[in-house]
Amino acid sequence: MSSVGVIVQYALREALRRKVFAVVLLLTVVFLGLFWLATHFVHGELDTITPPSDVLVDSRTFAGAFLLGLAMFATLFLGVVLAVFLTLGVVSGDAERGLLQPLVVRPIGRSTLLLSRFLAAAGVCAAYVLAVYFAALVIVGLTLHWWPPGVVGPGAELALGVLIVIALSLLGSVGLSATANGIAVFMLFGAGLVAGLLGTIGHALNSQQIRHASTIASWALPFEGLYQDGLRLISRDATGTTSFLLQLGPFGGGYVHGWTIRAWAVAYLVLVGVAALAAFARRNL
Amino acid sequence: MPAALETSDLSKRYGSVQALKDVDLSVDEGELVGLLGPNGAGKSTLVKIAVGLVRPTRGTATVGGAAAGSRAARASLGYLAELFRFPGWYTADEVLELHQRLAGSNGGAAERARLLELVALDDARDRRVDGMSKGMQQRLGIAQALVGEPRILLLDEPTSALDPVGRRTVRLLLEELRSRGVSVLLNSHLLSEIELVCDRVAILLGGELVAAGSPAELSRPRGVELDTDDGVRLIEGATREDAPRLVAEAVAAGRRVYGVRVLASTLEDVYLEAVGGETD
């Protein structure tokens, strides 16, 4: 087995022993159960929704896109929780406990070690996010009989968003203690969430400045931009009042979208990764 | 052949603290060198630079001719950190297997069994780390450092958690390693241990190398003690070469000589003199 494989296995075993997977799995089962229940009740109420006669709203599309948008947010959140707890102490935390030094002095080297830790977390988190996203998609599709126009894209974007969070967490772990790093990454995630809500508010109030601020924040934290792009993809067939109502959010308003944000997200991931490797290479242990 | 470890003008500064200052030190092939000094003298910093955990501010360090921290240097060393831990859910055998894979060792189960036997952990092969005493973990740490048959071993306080039997095991192990041509840099507070096993001793104080040499070279003659019917008398400044003459003079003077002892300073005396009585 290569050195990368050895460290990936080491990281996965560590996560398994610390019951990270067990906690996240439990939370996921609870979430999917509640989500199915909510979707089921919405389906029961769907036929009774009667918008004013002069307003044309496709209630099925609205409910489907809105609920799937909600599920995408929850998926992103759970994916971020998993990503943070898998990586928050990879450098400083493990160095403080004396776990890192015996590994780093081996020929494997620092860059391979950090890259291996990234690959381990990325593999687990991407698989997890895709699994939860498709489970939610199936719940919405089978219960409401509504399927989004884009199926794979939004899930892939959520997974890419979580990879960015993993890279940020690894970068933070080089300089911050495990606790401080965990707090910092969750605050960044919260800032991204606020940026998205700000865009919704700016749209509702028709405020160019608020929308501009939201856009800047979404580009600075592209996991939020990817989430917004994913929301756009699931609701791109919605038209007229349905589309307008979805844009009012909070789980349908996507103002940053398109190939530019996707390309920027990939570039951002590479840049953060390179910064983490450079910082780790210079770190005294 | 390049020295197993060589430092030249090695300096390290952490902010306003000068941890190491212009240290020149070498450990030759098959040599066992003891590193002494009070806490904060720079011993661990020197070892960490040698294994690539810390970057020097100035100067160079090489391991087997390769720059410290390079892949070639890391491939030829074994290291036991002062503060280390292995994952609690690994067994002793799994810890060694993990390090075999990372070190690229082909020793397999035979190497692991041999190393566990060397540190007297052969009957704890399947015991998990979190079920081991501190001393057992330290011995496992030493076995881990020996994985892949390193050319040089850097041990930072390897016996701090060991009982007297464990210390003796490590001492015998170090002597065996020396006989096999493995170089060792041993960082320890235990002067008696260093004095017993080390070929040379280096003493650090405030980041500077204040004394270096073999225990015999470092020790000073303290005189010759004559035990006669007139009592015990210390002749200061006398050396081993003076002893026969002093005995002959005492006998000629009609004294009965019961014993003669050539006195030299111990490593503890040398150390205390070098560090000026400085402690933690």
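Helices here are DSSP runs of type H or I with at least four residues, and strands are E runs of at least two, numbered from the N terminus. With that settled, let's start. This is a predicted model. Please keep that in mind throughout.

Chain B first. Its secondary structure comes to 10 helices and 13 strands. The C-alpha trace spans about 75 × 45 × 35 Å along its principal axes. Of the 280 residues in chain B, 42% are buried. Now take the contacts in chain B with a separation of 6 or more. Residues 24 or more positions apart account for 66% of them.

Next, a sheet in chain B. It is open, it has 6 strands, and the order is 6-7-8-3-9-10. The pairing is mixed. Which strands sit at the edges? They are strand 6, residues 77–80, and strand 10, residues 208–213, both of chain B. Each of these pairs on one side only. On average, neighbouring strands of this sheet are turned by 15 degrees against each other, direction ignored.

A quick reminder on sheets. Strands pair through backbone hydrogen bonds, either parallel or antiparallel. Let's look at one pair. Strand 3 of chain B covers residues 32–36, and strand 8 of chain B covers residues 183–187. They pair in the parallel sense, over 4 bridges. One residue to find on screen is Leu32(B): its bridge partner in strand 8 of chain B is Val184(B).

Now the helices that lie across these strands. Helix 1 of chain B, residues 43–51, lies across strands 3, 6, 7, 8 and 9 of chain B. Against strand 7 of chain B, residues 152–156, helix 1 of chain B runs at about 145 degrees. Helix 10 of chain B, residues 267–275, lies across strand 3, strand 9 and strand 10 of chain B. Its angle to strand 9 of chain B is about 30 degrees.

Helix 9 of chain B is another matter. Buried or in the open? This helix has 10 residues, 243–252, and the number buried is 0, so it lies largely in the open. After helix 9 of chain B comes Gly254(B), with a positive phi near 85 degrees.

Two more residues have a positive phi, and neither is a glycine. Asp9(B) has a phi near 50 degrees. It is in strand 1 of chain B, residues 5–14. Asp9(B) has 13 C-beta neighbours inside 10 Å, so it counts as partly exposed. Then there is Ala120(B), with a phi of about 60 degrees. Ala120(B) lies in the loop between helix 4 (108–118) and helix 5 (134–145) of chain B. It has 16 other C-beta atoms within 10 Å, and so is partly exposed.

Over to chain A, and to helix packing. Two packed helices are described by the angle between their axes and the distance between the axes. Helix 7 of chain A, residues 152–175, gives us two examples.

Example one is helix 3 of chain A, residues 59–87, with helix 7 of chain A. The angle is about 30 degrees, and the axes are 9 Å apart. How do they run? The cut-off for roughly parallel is under 35 degrees. Helix 3 and helix 7 of chain A are therefore roughly parallel to each other. Their crossing is right-handed. Helix 3 of chain A contributes residues including Met72(A), Leu76(A) and Val80(A), while helix 7 of chain A contributes Leu158(A) and Val162(A), among others. By class, this contact of helix 3 with helix 7 of chain A has 11 nonpolar, 6 polar and no charged residues.

Example two is helix 6 of chain A, residues 110–144, with helix 7 of chain A. Here the angle is about 150 degrees, with axes 9 Å apart. Helix 6 and helix 7 of chain A are therefore roughly antiparallel to each other. This crossing is right-handed. Among the residues involved are Phe118(A) and Tyr133(A) of helix 6 of chain A, and Leu158(A) and Val162(A) of helix 7 of chain A. The contact of helix 6 with helix 7 of chain A divides into 17 nonpolar, 1 polar and 1 charged.

Last stop: where the chains meet. The contact takes 21 residues from chain A and 22 from chain B. On the side of chain A that touches chain B, helix 1 (3–17) and helix 5 (101–104) of chain A each give two or more residues. Helix 1 of chain A has the largest share there, 5 residues. That side of chain A divides into 11 nonpolar, 5 polar and 5 charged residues.

Technical notes. Residues are numbered from 1 along each chain as its sequence is written. Chains are lettered from A and ligands numbered from 1 in the order in which they are written. This is a predicted model: local features need pLDDT of at least 70, side-chain atom pairs count only at pLDDT 80 or more; totals for chains, interfaces and linings use all residues. Two residues are in contact if their C-beta atoms, placed from the backbone, lie within 7 Å. Ala, Val, Leu, Ile, Met, Phe, Trp, Tyr, Cys and Pro count as nonpolar, Asp, Glu, Lys and Arg as charged, and the others, Gly among them, as polar. Two strands pair if DSSP finds at least two bridges between them. Axes are lines fitted to C-alpha atoms, for helices over the stretch in contact, and angles run from 0 to 180 degrees between N-to-C directions. Angles under 35 degrees count as roughly parallel, over 145 as roughly antiparallel, 65 to 115 as roughly perpendicular and the rest as oblique. A crossing is left-handed if the near helix is turned anticlockwise from the far one by less than a right angle, and right-handed if clockwise. A residue is buried if 20 or more other C-beta atoms lie within 10 Å of its own, exposed if 12 or fewer, and partly exposed in between; C-beta atoms are placed from the backbone.
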